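Please open the model in a viewer and keep the selection panel at hand. The tour proceeds by selection, with a short account of what is found at each stop.

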Amino acid sequence: MAAPVPAELSELTASWVTAALAEGDRLPFAPEVATVRLERVGQSTGFLGQLARLHLDYRRGEGPSTVIAKLPTLDPGGRSVGRMLDVWTRESRFFAEVAPHCRAKVPDCLYNGAEPEAGRWTLLLEDCGPGQEADQLVGATDAQAAEAVAALARLQAPFWGEPLPFRWMPGFHRPGFEMLQAAMQSALPRFISAYGDRVTPRTLAWLTTFVDQLPRWAAEHEDGPLTLVHADYRLDNLLYGADGTVTIIDWQTALWGPGPMDLASFLATSLTVDRRRHLESALLSEYAVAVGAAAAHVEQVYRSCLLWWMAIFANNLSRLDPSDERSAALFDRMITGTFGAADDWDAGDLLI
């Protein structure tokens, strides 16, 4: 019998986890779980999900001592953003269809339950932490930044410029940005009220112009080269092992798009301003070589995608209420970092 897809973490009982692991069929033998101890994680980083580390003891057989459980958020604002972006279906299908083809490391998926008509999705994932400490508010070290860019290149290079292998995946290969544009336009007053005083006046003007031009901007990237894009590639979604290797988590926004979009997200949000300015040029060059692209192309698309992230963060973060001081500081870091990088690069010069 299939394990019922739960709506809340409290439903992850020993009998349910036993059934879910058997259904996932990723372990050599189907163990029987005796007890589950739930440890909440990611309250300040998992804005669209309920996240917990499940500590498991077994009555029969063997299995992992811990797994990560991921369910949709219960926050009304987060649910609204999640439905708009279809994030839970995207992540479920990523682990079912895309993860087996990734050269970069992603967590093993031990159970993948989906009842879209009921608004329920649940993942049980390999617990890849803890390893090296990496805090988005502190920012990546030089070594962590270099490995993150190398991992991104490993992820994207096999798909770079290739025909789309996943027909369900949203992205720049098809039109349809008008709905996102309308959502961004409706969010602009809320964003300006909440965050307008934290960015420069010219970047705020660029934001409005970019949103007005979004479908045309997206169409300019339609012919690619396109690749697999994580679309939330930042330090809080990277786990560093003891040897520095990176596991990429949180695939709710995976899409088919311009690869430097992820590079822009990481460098703008996950490095201090001084470290970004110091490392940016070298990391852009190393990424271009690793994916086999012209350095000038990577730089141009990187610069353009800073405008995209300005608009995405304005839309998404203005709809969410920070749950604590760390969340508020993280929102501020993502916004000021991205708008500041766009300011440094004079990204508004790309607008008509």
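Select D232 and R234: their side chains are joined by a polar contact of 2.9 Å, a polar contact being a pair of N or O atoms within 3.5 Å in which, within protein, one must be able to donate a hydrogen and the other to accept it, and residues adjacent in sequence count only if both atoms are side-chain atoms. The model is predicted, so local features need pLDDT of at least 70 and side-chain atom pairs count only at pLDDT 80 or more, while totals for chains, interfaces and linings use all residues. Residues are numbered from 1 along each chain as its sequence is written, and side-chain values use heavy atoms, with hydrogens and water left out.

D232 lies in the loop between strand 6 (227-229) and strand 7 (238-240). Helices (H or I, at least four residues) and strands (E, at least two) are DSSP runs, numbered from the N terminus. D232 counts as buried because its relative accessibility is 15%; buried means under 20% relative accessible area, exposed over 50%, and partly exposed in between, with a 1.4 Å probe and protein chains only. Now display the surroundings of D232: leaving aside neighbours within four places in sequence, D232 is in contact with N237, D250, T253, D262, S265 and W309, where contact means heavy atoms within 4.5 Å.

**Backbone stops**

Move from D232 to its contact partner D250. D250 lies in the loop between strand 8 (246-248) and strand 9 (255-257), and is buried, with a relative accessible area of 14%. Although D250 is not a glycine, its phi is positive, at about 65 degrees. Most residues other than glycine have a negative phi, and most peptide bonds are trans.

Select D86 next, in the loop between helix 2 (76-85) and helix 3 (87-98). D86 is not a glycine either, and has a positive phi of about 55 degrees. Its relative accessibility is 38%, so D86 counts as partly exposed.

Then go to G224 and P225, where the peptide bond is cis, with omega near 10 degrees. P225 is found in the loop between helix 7 (214-220) and strand 6.

**Helix 3 and the nonpolar cores**

Which residues of helix 3 are buried? They are V87, W88, R90, E91, S92, F94, F95 and V98. To see what covers them, add elements including strand 3 (66-72), helix 2, strand 4, strand 5, strand 6 and strand 9.

Centre the view on F94. Not counting residues up to four places away in sequence, F94 touches A99, C102, V106, W168, W251 and A254. F94 is also one of the residues with the most contacts inside the largest nonpolar core, together with F172, L207, L263, F266, Y287 and W308; this core has 100 residues. A nonpolar core is a set of buried Ala, Val, Leu, Ile, Met, Phe, Trp, Tyr and Cys residues joined through side-chain atoms within 4.5 Å. A second, separate core has 20 residues, among them L12, A20, L54 and L110.

For the surroundings of A20, select helix 1 (residues 14-24), whose buried residues are A14, W16, V17, T18, A20 and L21. Their cover includes strand 1 (32-40), strand 2 (49-60), strand 4 (109-115) and strand 5 (120-126). Helix 1 is followed by D25, which has a positive phi near 55 degrees.

**Helix 5 against helix 10**

Select helix 5 (residues 178-195) and helix 10 (residues 295-317), which pack at an angle of about 75 degrees with their axes 7 Å apart. Axes are lines fitted to C-alpha atoms, for helices over the stretch in contact, and angles run from 0 to 180 degrees between N-to-C directions. The two helices are therefore roughly perpendicular to each other, the class for angles of 65 to 115 degrees. Helix 5 contributes L180, A183, M184, A187, F191 and Y195 to the contact, and helix 10 contributes W308, A311, I312, A314, N315 and L317.

**Last stop: T338**

Finish at T338 in helix 11 (residues 325-344). T338 is buried, with a relative accessible area of 1%. A polar atom of the T338 side chain lies 2.7 Å from the backbone oxygen of M334. Beyond residues up to four places away in sequence, T338 touches A268, T269, L306, W309, M310 and F313. W309 is also in contact with D232, where the tour began.

Key. Angles under 35 degrees count as roughly parallel, over 145 as roughly antiparallel, 65 to 115 as roughly perpendicular and the rest as oblique.
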